[in-house]
4 protein chains.
Amino acid sequence: MKKKVAIVGATGYSGIELIALLANHPKVSIRTITSNSHQGERISDIYPGLRNVLDIKLVATKMSNIKECDIVFFATPNGIASKYAVELLNTNKKIIDLAADFRLNDIKQWDKHYNIKHPCPKLLEKAIYGLPELNREKIKKTNLLANPGCYPTATLLAIAPLLIENAIKTDDIVVDAKSGISGAGRGFALNKLFCETSENLAAYKIAGHRHLPEIQQEMVKLNSHNRLSLTFVPHLIPMKRGILVTIYAKLKQKKQKIDLQKLYETRYNGEFFVDIMPQGIYPQTKSVTNSNICRISINKISARKIVIVAVIDNLIKGAAGQAIQNMNIMCGFDEKLSLTETPVII
Amino acid sequence: MKKKVAIVGATGYSGIELIALLANHPKVSIRTITSNSHQGERISDIYPGLRNVLDIKLVATKMSNIKECDIVFFATPNGIASKYAVELLNTNKKIIDLAADFRLNDIKQWDKHYNIKHPCPKLLEKAIYGLPELNREKIKKTNLLANPGCYPTATLLAIAPLLIENAIKTDDIVVDAKSGISGAGRGFALNKLFCETSENLAAYKIAGHRHLPEIQQEMVKLNSHNRLSLTFVPHLIPMKRGILVTIYAKLKQKKQKIDLQKLYETRYNGEFFVDIMPQGIYPQTKSVTNSNICRISINKISARKIVIVAVIDNLIKGAAGQAIQNMNIMCGFDEKLSLTETPVII
Amino acid sequence: MKKKVAIVGATGYSGIELIALLANHPKVSIRTITSNSHQGERISDIYPGLRNVLDIKLVATKMSNIKECDIVFFATPNGIASKYAVELLNTNKKIIDLAADFRLNDIKQWDKHYNIKHPCPKLLEKAIYGLPELNREKIKKTNLLANPGCYPTATLLAIAPLLIENAIKTDDIVVDAKSGISGAGRGFALNKLFCETSENLAAYKIAGHRHLPEIQQEMVKLNSHNRLSLTFVPHLIPMKRGILVTIYAKLKQKKQKIDLQKLYETRYNGEFFVDIMPQGIYPQTKSVTNSNICRISINKISARKIVIVAVIDNLIKGAAGQAIQNMNIMCGFDEKLSLTETPVII
Amino acid sequence: MKKKVAIVGATGYSGIELIALLANHPKVSIRTITSNSHQGERISDIYPGLRNVLDIKLVATKMSNIKECDIVFFATPNGIASKYAVELLNTNKKIIDLAADFRLNDIKQWDKHYNIKHPCPKLLEKAIYGLPELNREKIKKTNLLANPGCYPTATLLAIAPLLIENAIKTDDIVVDAKSGISGAGRGFALNKLFCETSENLAAYKIAGHRHLPEIQQEMVKLNSHNRLSLTFVPHLIPMKRGILVTIYAKLKQKKQKIDLQKLYETRYNGEFFVDIMPQGIYPQTKSVTNSNICRISINKISARKIVIVAVIDNLIKGAAGQAIQNMNIMCGFDEKLSLTETPVII
């Protein structure tokens, strides 16, 4: 018998991708989709691509609509999942939050970066950070999953082998990150209008993006020996989907001889969703469009300087796909279920 | 045991879409992919999105490389499939030509519109025009299938119910067609360069596009009672994929009272790949991206004037997807195999 | 001494183009720019491309801010200019309305198509429709100028020579119109978001766009002998700026021999802003980007069928540029002042 | 009397921008435009936006066609200008090369990075590097001007104040550069096709772009005290025009207290084409589209770490516009002539 799934906040871009991917999942069925702004409407009237795929109606976001489901995805703004978490956990539901409510372990960090009084700060320590390639065992056992941000997913997968190996100087890492527009969601903002965004390129939040403390927190878990100092500058790219991060780091002197290609291939050996590119071939975002794959290129450009490039689809591996990967692990399903579509090639 | 498939001309846009779709087909396996310009290269080195999906090498386009397969797709320029057709048919292979070699039944029309001496004009009468929704029974029995052009697919599906019903004046039909850039293929041409095409819009071949005789030929088959006169003007749209046709026609006086919505819904009842939109809702190309679906809106704007809008993904229902739909029919498979992916929503 | 100009509604796309063009006008100076949503802000903080070009602040839209100027442009939503018109005309100001307040001569038509009680219906008959190539003499003498809509501008320039010549059947004209996204303005709407619009194409308002009565009204002025029946279907194209209209019409039997190229070249002889393309060369929107030019191609595709293609930049010849052209005429300036920039070529 | 200008290689993107800008220059007239692939054609037939702006025909690239002009722009591939330079200089012509022939002062560097035997290596030392804001006095006196590359222009303007002030550690500078597609020119390449480039993002030439030695050479001229080590990674952005560079550097310990905003504003005080953004406001490429302006933002993100963001239009300040700025200086004209157009705002 299929598990029943609720998607809270189903009309945003992450929500709709959850629906598109889960529509063909063999072990779960979408029972409930919620949206406060569109309740009563059919999801396939809002996104006509879903006609004959999923034609159910959206209901209000409230506990009575959610609680009959076994698994609850929150594809909502920050501050929603944490309102429902305690009650849902008490009734043994599985929660997967695609927002930031449970990503930071330290309530002080939360208070500093998010302007919301956290309703259940104690859960911050219990939630598991859902990056399966680095954290799979813990994910298996949790009912409260914090799905990573899109930038952190690409950045952490790209740099983890070096941190675990203790191979680089950690006090001077530069992450130059580039994201398509869908990363900013479906809400209205001038810089998401076609005429403002097409044929345009800009850096933003140079002084501090909310994903920075999240990345730093997870980096420290991977390498706690050294002081960490990270520069993170995101850029908005005139395309719909895709993230590319370019990471600049320096090898420790004693690690200059390390075989980086081998280090990466070994670390991610057997990982279906991580692909290490051959030397000299750099990944492009198009090669992962609509797929849950992260492709990584590791380059040594001088005796100690290295440049890592990683790409993901921000809506799949950076959001809905990874959430389903986490669900598969939490439920004991094959991790790849409903995530094996070939990338859109053209 | 799986049928063996060859894809001739595998690196073009139609070829690569065939690969992406067939990679997960449960009843066939891709045995041979050919390309004269890229022979010896791995297809996944050319399209890195195919890494770990299909990593075989391209071979030269020649009979010895093709003949071991049961089914041969030609995703080539015009004039290639017809060179191989006689020999392949003699050895009982199934041929599906995505080019125009077998679309026109009349060698005079071919000579007029294509600057190529046809190697086997007698086959023109035997080939079956592969529009399953209009021609399914004949497709079941053929080994030589002419896969329709992208514009004709959208146009014919959009207007067929009216022609079959003999409901419109056929001497004054206007088809204003719009296509994304991929319709022009992957060969080099100035008007496919990003900087020439982005933020640009143009009509082309007003004096006569090669798809016009193809559309006319099939229209006459649907309605041979009346003189047919069609105006067809294609336009190039700054997007990668998608076709939208806007068709302007007039009801015959005695057919003014016809229920058009019902006519269309009845005609396409049970057709998985044709979706008639509700009154007042117009289809957009995004709603069929990466899918084999055609969505159609039928609108009556005055007592006799009607406007039909239809959308397809030119690379799927307009090329590779329809070719696989035809293969499924020719082989007695479930017609939908490997064609049920949800459209890319964002 | 320079004339003082006010731009009411300066932060929308038409308003900002007025500023960009007028910034270098030798005979006027921008004295007042208004915006209710952005009052107090510097225009160059909103559009940083204007830094060091025009750094004045926006003020509230109210009479006391406007009345000191000689010329008032309304680049506002419908229903604003008509609130100020009577008082401004009484003090001898020149009004150029880029919205629809004064485009329709008949209050019944206004009431039917616009959901706004018109504050000064008597002015509807006095306002002059500002299409200089067809209406120059009246423009010279008016103080109340209705700047044409973008679709009407392209459509009327494209078909006027045929109507004036009484060369076509007027009861069956089809206008298939395509516009970039900026035509919909800067206000929020889902279908203006980058992720909803990029790689997408759709028809809209098939049942009746507000520009249809405007086009019909002006067509009748050009040819009142015959019943007029116009089909007008607009489409949204994934590009920022540019309009292309494709017009399908039929020659009257007795006019079959007419030299269409000559008809058009003669009609627009001496018109700096209208360019008739040579036979067989079709205009593309990019060729008029950022310029006030309309390029037109006239094609005879059979004994009686003709196809006309015309392109304009919707924000320039379709809005701000034509408004300035009208101002130049109303003020007795050289009609081309500040409108001679070369189109943006790439 | 106007100076006569020749544009060699007039049909490429830099060439065509030279034409568009110079068409309205009050002190020069375009006498000769050359193209080997298009000789005999009218430039306005290739770029219809130039109809009625410049309708002369292209002639072959050979000395007899060029030598009658006073000023010769080479908007050609590398290796052309250097073939003509000696003879043109001998007859006292002014040469402005938009390619790389004269950018490197050291023939060894040239040999290492360009696969062309340099015809006149001695001229490498005489040519002046044409970055007016850093090099104006030398430009005034030269007849042989090397117009900087697009990436170097943005990078050098962005970092020059820090180097001149000796404020940063020069052994660890990271330049993450992003360019629109037009930077790669108009020649055919797969990664310039719309369908390959739209909705895609990639890094390229991580191991070493030809602009790196050019940037390093000029940086050393600005600060020769220290060892210089630069990491430079370019990225291809799915837009037509625009470059944005994000530069990561560290202040020297003793320079931590420096007022960076003031340093930049002072350095570029009076420079019409350099705009220092206010603190906290980051430039976007759209704000300089079609203009010769470079906008720079200087940000201190920790005690010693700084991030500089600079934008230019790669075809204007990064190519044709700067070439004309240099011509104006070399000829003693007002430096801004024909370069004061307002950026395209939308």
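In strand β13 of chain C, the residue that T246(C) has as its bridge partner is V309(C), and that pairing belongs to a longer run, since eight bridges join β10(C), residues 243–250, to β13(C), residues 305–312, with the two strands running antiparallel. I should say at once that what we are looking at is a predicted model, and everything that follows should be heard with that in mind.

Let me widen the view to the sheet in chain C. Seven strands form an open sheet in the order β8-β9-β7-β10-β13-β12-β11, and the pairing is mixed. The edges are taken by β8(C), residues 202–203, and β11(C), residues 274–276, each of which has a single partner strand, so one side of each is left without a neighbour in the sheet. As a general reminder, strands of a sheet pair through backbone hydrogen bonds, either parallel or antiparallel.

Which helices meet this sheet? Helix α8(C), residues 150–164, lies across β7, β9, β10, β11, β12 and β13 of chain C, and runs at about 140° to β13(C). Helix α11(C), residues 260–267, also packs on the sheet, where it touches β11, β12 and β13 of chain C, and its direction makes about 155° with that of β12(C).

Turning to chain D, I would like to dwell on strand β12(D), residues 294–300. Six of its seven residues are buried, so the strand is largely enclosed by the rest of the structure. With β11(D), residues 274–276, it pairs in the parallel sense over three bridges, and there I276(D) stands opposite I296(D). With β13(D), residues 305–312, strand β12(D) pairs in the antiparallel sense over six bridges, and in that strand the bridge partner of I296(D) is A310(D). Residue I296(D) therefore has a partner in β11(D) and another in β13(D), within a strand that is largely enclosed. The strands β12(D) and β13(D) form a hairpin, with four residues between them.

Now the cysteines. How many disulfides does a search of the whole structure find? The count is zero over all chains. For C150(D), which is in no disulfide, the nearest cysteine sulfur is that of C195(B), 12 Å away; C150(D) itself counts as buried, because its relative accessibility is 11%, below the 20% limit. C294(D) is likewise in no disulfide, its nearest cysteine sulfur being that of C150(D), at 12 Å, and with 0% relative accessibility C294(D) counts as buried.

On the aromatic side, the whole structure holds 20 aromatic pairs over all chains. In chain B, W110(B) and Y114(B) form a stacked pair, with 4.4 Å centre to centre and 15° between the planes, and both residues are buried. In chain D, W110(D) and Y114(D) are stacked as well, at 4.4 Å and 15°, and both of these are buried. There are also lysines over rings: K336(B) lies over the face of F272(B), at 5.3 Å from the ring centre, and K336(C) lies over the face of F272(C), at 5.3 Å from its ring centre.

Finally, a residue in chain A. Where does S198(A) lie? The residue sits in the loop between α9(A), residues 194–197, and β8(A), residues 202–203. Is S198(A) buried or exposed? It counts as buried, because its relative accessibility is 9%. Leaving out residues up to four places away in sequence, S198(A) touches P238(A), F194(C) and K240(C).

Conventions. Residues are numbered from 1 along each chain as its sequence is written. Chains are lettered from A and ligands numbered from 1 in the order in which they are written. This is a predicted model: local features need pLDDT of at least 70, side-chain atom pairs count only at pLDDT 80 or more; totals for chains, interfaces and linings use all residues. Side-chain values use heavy atoms; hydrogens and water are left out. A disulfide is a pair of cysteine sulfur atoms within 2.5 Å. Buried means under 20% relative accessible area, exposed over 50%, partly exposed in between (1.4 Å probe, protein chains only). Rings of Phe, Tyr and Trp (its six-membered ring) pair if their centres lie within 6.5 Å; planes under 30 degrees apart count as stacked, over 60 as edge-to-face and the rest as tilted. A charge sits over a ring if NZ of Lys or CZ of Arg is within 6 Å of the ring centre and within 35 degrees of the ring normal. Two strands pair if DSSP finds at least two bridges between them. Contact means heavy atoms within 4.5 Å. Axes are lines fitted to C-alpha atoms, for helices over the stretch in contact, and angles run from 0 to 180 degrees between N-to-C directions.
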